[in-house]
Amino acid sequence: MMMNRGCALVLTLFLLFYGSPARALDPNTPAGAYRHDMFDARAGAPPSAMAIAQTADGWLWFGAPSGLYRHDGVRFEVFHGAGDERLLGRYVTMLAPRENGELWIGYLYGGLSVLHHGHLRHVAVMPAQPLGQTYAMAFDGDDAWAATSTGFWRYRAGAWTRGDARMGLPGRKARYVHRDTYGRLWASDERQLYLFDRAAARFAPVLDVAHSSNIKESLDGRVWIADDDRVRLLPEPEGGWRARAAPAMRANTYQSLFDRDGNYWSTDCPFGLCVRRPGQVSASFTMQGAEHLPVAGGKAGVTITSLFEDREGNLWAASTLGVGRLRDSRMTPLAMPAGADWPTLALDGDDNAWIASDNMGATSGSLWRLDGNDLVSQAQHSRMVVAARDGAVLAAGEHTIERRRGSRVLERLPLPAPAPGQDARAIVLLLAEDREGIWAHLAGRGLFRHRAGAWEPPARHPSLALAVYAFVDAAGRTWFGTRDGRVVLADGDAYRSWGKAEGVDVGAITFIDASRELLVAGDGGMAVWQAGRFRALHADGVDLANVSGIVVSADGDRWLNTVNAVLHVRAADWQRSMDDPAQPLRGEVWDELQGHPGISDGVSPAPTLRQAGDGTIWVVGVNGISRLDRARVRRNEVAPLAEVSALLANGRRYPGGDAGLLAPGTERLQFEFTAPSLSMPERVRFQYRLEGSDRDWQDAGTRRSAWYTNLGPGEYRFEVRAVNEDGVIGPVVSSPAFSIGPHFTQTGWFLFACTGLAGAAIYCLYLLRLAQVKRRWKTRMHERMAERERIARTLHDTFLQTVQAMMLHLDVLAARLRPGSGERQQLERLLDGAQKAVEEGRSQMLELRGDAPPAPLAAALRGWAEMLRTGDEAHVLLSEQGAPHDLAPQVRAEVESIGCEAIANALRHARASCIDVQLDWTGKGPLLRVCDDGVGMPAGLIAAGRAGHWGLPGMRERAANIGATLVVRNRAAGGLEVVLTLAGNDVQAPLKGGAQAGGVRVEARAEAAVAAQTIYS
């Protein structure tokens, strides 16, 4: 779904008012455990901001002596008006957002401006409207009320009216004005608090107040007034108090507020912040004895100038040093004494947390038991603490191992005595208890085992000489990881080892867990035991090298402590990777931004993740310990609203991406975008696409810019959406449509011209090719005509001369016979046939030379029939329809040959009494039809012909040569029918020029046919 920014803003407002509540600062979190981020001048933050506000689009605004700023969580931007628009002054002291998207701006030296959709208008300009400095504003329907240094003012229908005695207000300096959830309008000056009586249309005094006062609301619906060091509950409205939703737009120009969890924050401390928790708030209270939280480094003399809570529940404190942000961490850091680094943690059977530190030197209390949020120091100097099998913990000191549970020490076990020359103080590097006893690796001495009341020296278990980690499974067996990359299982006195041959290839084994699957980790990665060997595990975007802890929560999710983050893998994703080794683990990364206590110890002697019975997960890092309570983790349900900041093209910046028409040849574009999301802006991801170029969404990750190159002319629209740290996807926001103009070479006219030139070039190539083919065929036809002339000469000089000589001899012989005798008549018929043969030979000779026109087709067929008849054969009838046409020589020759063959077959084989030959020159039917009333022909002979006879096959071949259709079939009335149908052009296109063009016609027809075949094949 795509929407413009206006629609996106409406949707965002709906989600803010009616969606899931945003997280706030957890009242159960100690003040010092909140995450505190400081933005100073190096980050672009303004010092001494007097006013903070958040508009419906999510932007955080700061009014400061140096101007107006806005912040999206990543960058601070100084506001500059569009075009010639300017603020009335640099010293901004008041900000008030309105539901219609306006932001009202007040100044130290007077005047009011309204910022709406990036444009400024001034509603009060000194000295024409002498409002003075504005302290607060309230919007009551269409009216706007301002509390200023010159009194109360109402803005209605474009005009200002001063609040005076007629409204029940004194003319003195005002301090605050506020419209509460119940529609009541409050106003305070330096002496009185007033409430507007709508029926009387005037203010009535309610109670006396101190010099500086302001009105506040808590989310439970109660309304308060804070003046001097007191906070008092105001009178209850008709109908009683009602809880309210957190507003999407809010502002604060003072140094105290109620957050949405009921905490009351104030700067009424020597320095820093004070907070009263909901249970510490009464109808009237002060900040004396409140919980103190140093801000801005806790420096004395640093003044907090304003406080603000954004819609995501973050607390912002502006000070003389810059801007600070307080927010909850998903993992709550545990307050540790200074220098307590490299800790280990264990839980006893009562879920008491025990902590030991290895870096305390001579200071006391290196072992603690956690009581609530307080660390209770123990007398033992311990560098390591691990869980024992009986529900106690084992704390390893320099001389003894103590077994502790609650406040009691159950056992003190002396460590093995040092050999001569060794230090009497032992450093325990590894400690574990299995069903046989206790394992302890002492630095410089080796791995000892305590069982049956005595310590067994390292020589008793040489295979464990390089052990660096131990895990005791539910069966009481101990799994060891070694420096040389082996996994060794100690089960009583039996030892079993796995190495590279079984797939163990993660370097030194620094972590093992066998509570569910058998997992091992080391400097080279992580592996799981499956199907008789270890296989490597991988994760999307996370390095699993030196994983040092894993727990499985009640829902089956896995939590892995990697080097610098906790990886949360849901049960379904874990099983997916277990079922398919090629699938990497997919999970959620909780790192330093969510309270991870620094880098995890890759060679920790104890697991760095522990899970209590209530589901709380303890996370251990080299810099401290954090507590992860999933029940108290608050998700950020506020959908981030993306914004296209600018489009950069051709060295010019177009704010909002409104570029209109870009110059032809614009190929490189850069889009800048952002999304105000204030809790963890570092985790906000973006997806974008360029309509007109991209088909799918592009993933920008956390990058806030996109580049495009080699774009062609056309219309485009850039779209972007943001996804916050908890996967909540914001609406799609688009830039105004813009176009890239075409060069002339990219226009339709140029394409049309190129198409025309290409067509002309193709036509020229066609003519050139046709000329080449013509020359080639002319050469062939000249060669063919020369050969035909040679054949004609040979025919004249040999065959015709021989036949002529035979005729002379036969004529002499006939003259000697008696006239009228049968012999003479037979000889005369023979001479007539010979004469016809001579004439036919001469005709063929002339045709070979191309010097004589062929005889009419009907005459040729008639002559052929008469020549074949020898006496009493069938009578041959020949008829014509339409005017005869001259056919192309080759077509004429083939038609005549087919007709002659059909007549000959009928005379020889049909035993017919009549043969009907029809020629149709109208073009409406077959050209030639030869029918007889004889005996017909078997179907098999019609289809295949008679073996050794070539009459029918020859007829079909001749028809195919000229593209004609030949049909031979038996007639229903008896006899056989031969039908020849020519293509229409061969019948309808008579040749011009008669005999003298015969040879040229053959050549032209052949050239055209071959040329077409050559070009289009």
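This passage describes a four-stranded sheet, a buried strand residue and a nonpolar surface patch in a predicted model. In this predicted model, local features need pLDDT of at least 70 and side-chain atom pairs count only at pLDDT 80 or more, whereas totals for chains, interfaces and linings use all residues. Residues are numbered from 1 along each chain as its sequence is written, and side-chain values use heavy atoms, without hydrogens and water.

Four strands form an open sheet in the order E43-E44-E45-E46, with antiparallel pairing; strands (E, at least two residues) and helices (H or I, at least four) are DSSP runs numbered from the N terminus, and two strands pair if DSSP finds at least two bridges between them. Strands E43 (467-472) and E46 (494-498) stand at the edges with a single partner strand each, so one side of each lacks a neighbour in the sheet. E43 is joined to antiparallel strand E44 (residues 478-482) by five bridges, and Ala467 lies opposite Thr482 in E44.

Ala706 is located in strand E64 (residues 705-708). This residue counts as buried because its relative accessibility is 0% (buried, under 20%; exposed, over 50%; partly exposed in between; 1.4 Å probe, protein chains only). The C-alpha atoms of Ala706 and Gln670 are 5.7 Å apart, with their positions 36 residues apart along the chain.

Trp749 belongs to helix H3 (residues 748-816) and, at 68% relative accessibility, counts as exposed. Phe744, Trp749 and Phe752 together form a nonpolar surface patch with about 470 Å² of accessible area (Shrake-Rupley method, 1.4 Å probe, only the protein chains shown counting as cover for residues). Patch residues have over 30% relative accessible area and no salt bridge, with nonpolar side chains (Val, Leu, Ile, Met, Phe, Trp, Tyr) joined within 5 Å and like charges within 9 Å; a salt bridge places a side-chain nitrogen of Lys or Arg within 4 Å of a carboxyl oxygen of Asp or Glu.
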